[in-house]
Amino acid sequence: DTLTNSFTTAIKKIRTFDDEKALSKALVELKKSLLKADVNHKVVKQLIDEVGIETRKGEIGKDQFLEALRTTLHKLLEVGGNKGFVFAPNPPTVILMTGLQGSGKTTTTGKLAHYLKSKQKKVLIVAADLQRLAAVEQLRQITTQIDVELYEDETTKNPVEVVSGALKKAKSGIYDVVLIDTAGRLAIDEELMDELKCVKDAANPSEIFYVADSMTGQDAVKTATTFKEKIGIDGVILSKYDGDSKGGVALGLSSQVKVPLRFIGSGEKMQDLEVFLPERVINRLMGFGDIEGLAEKTAGAIDEKQAKKLTKKIQKGKFNFNDFLEQMESMKKMGSMKSLMGMIPGMGNMSKALKDFDMENSSELKNIKSMVSSMTPKERENPDLLNNSRKGRIAKGCGLEIVEINRMIKQFKNAGKMAKKFSGKNGMKDLQAMMG
Ligand code: GDP
Ligand code: MG
């Protein structure tokens, strides 16, 4: 019942229709699926009405219907304001991260820093959540992992002092961005709002982001609205847009809160953050996939030269074990498989079925790595050398059974063949055809 699923199912059900009766049926189908995906009922009504009106403007038919749906979704998602990350005219850009406890503020702060770092920006993260004991330690771990500087001050329990100190440091340094992680509460209360107001005054932020947990559905809209009224927010980041999230909240959020959705968090890893762009989301909803997002995500991990070299090798059938290992290392950098799958055309549905494949901890990957390490450089370069006696030696070397070695080599060869097939001109089409 995720948003993408219900959309794709509803659209599939609408096979051929060319009259008013069929259109009404299609609209009912769409309405049901949207409500199931937890889209706000007012938003659903507005959307359905508008799609109906738009479709009837032309000759009723499937194309007209899909076009109307696209136009209407655009209107709904294009709420005025900034998109993605916006830098202040003069550095540093100061961002105040707000939200309820557990919404994903700290994680998202790390993700944003990681994203900015990949754009060669110098970031300072400020630990201004002094409510939760483990909050500073959590940030220490995150900043160490992504190699970003952390500002903390153990001598005070007052977040305002921490923020003032951090800004002093940021002015004397050469930081492009300062991200301030703040304390949340389980629910909105006066104390939280008062603290945030003081922190806001001290920080004088360029923008305030509200991190909303998409799993909380319509509550996310309510709390975001309250934060907007009391503190003023410039953008929403929707976290946990993965797993069991129905996702429908993304559709109405901007128009309901009247603040643009800026980023979407789709996993626990630091890489799992993407700029929210209506066009992309609409394409994904309607099952056309998000090639652009995929390209952006992979671009950071694999450099273009390397990719071209690899494609050539694949096309010549010369893909070897060294390339294989290199590929795996790159995949690790890309983050979770599941969020990647969702971006490939026609594979939105599959991503849910696919368990989040953990690249780093997969035992299969570890086996492959130890197998390759037991090969001689020549064997790595030329997999055809691997006869039975060599395989036996490798098996002993890495402590695996020979059947395992055979299986992995076969898999590797199949992967090479597939890669060759899909790297051709019609690669994407072939892939989709295979996936049905
Ligand atoms: P905070 O209290 O607002 O700072 O929330 P945290 O950043 O500590 O996050 C709370 C929990 O949500 C942690 O276990 C995170 O790993 C998890 N989390 C945050 N963002 C995401 C996301 O986009 N997807 C998933 N699956 N988990 C997330
Ligand atoms: Mg936190």
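Helices (H or I, at least four residues) and strands (E, at least two) are taken here as DSSP runs, counted off from the N terminus. The structure is a predicted model, so local features need pLDDT of at least 70, side-chain atom pairs count only at pLDDT 80 or more, and totals for chains, interfaces and linings use all residues. Residues are numbered from 1 along each chain as its sequence is written, while chains are lettered from A and ligands numbered from 1 in the order in which they are written.

Confidence first. With pLDDT being the predictor's confidence in each residue, from 0 to 100, the protein averages 82, and 78% of the residues score at least 70. Among the elements, strand β1 (residues 93-98) has the highest mean pLDDT, 98, and helix α16 (residues 348-353) the lowest, 51. Over residues 353-357 the pLDDT drops below 50, and beyond near neighbours in sequence this stretch has 8 contacts in the model (a contact means C-beta atoms, placed from the backbone, within 7 Å). Where pLDDT is low, the predicted coordinates should not be read in detail. As for the global scores, ipTM comes out at 0.99 and pTM at 0.71.

Next, the sheet. Eight strands make up an open, mixed sheet in the order β3-β2-β4-β1-β5-β6-β7-β8, where pairing takes at least two DSSP bridges between two strands. β3 (149-151) and β8 (273-275) sit at the edges with a single partner strand each, so one side of each lacks a neighbour in the sheet. On average, neighbouring strands are turned by 25 degrees against each other, direction ignored. Strands β5 (residues 207-213) and β6 (residues 235-239) run parallel and are joined by 5 bridges, with Val 211 standing opposite Ile 237 in β6.

Helices pack on this sheet too. Helix α9 (residues 218-230) touches β1, β5 and β6, and makes about 160 degrees with the direction of β5. Helix α7 (residues 159-172) lies across β2 (123-128), β3 and β4 (177-182), at about 165 degrees to β2. These angles, from 0 to 180 degrees, are between N-to-C directions of axes fitted to C-alpha atoms, for helices over the stretch in contact.

Around ligand 1 there are 18 residues, of which Gly 104, Lys 105, Thr 106, Thr 107 and Gly 265 come nearest; being near takes a C-beta atom, placed from the backbone, within 6 Å. Helix α5 (residues 105-117) gives the largest share of this shell, 3 residues.

Two backbone oddities round things off. Most residues other than glycine have a negative phi, and most peptide bonds are trans. The bond from Pro 91 to Pro 92 is cis, with omega near 0 degrees, and Pro 92 is in the loop between α4 (62-77) and β1. Asp 38, not a glycine, has a positive phi of about 75 degrees; Asp 38 is in the loop between α2 (20-36) and α3 (41-57).

Notes. Contact = placed C-beta atoms within 7 Å.
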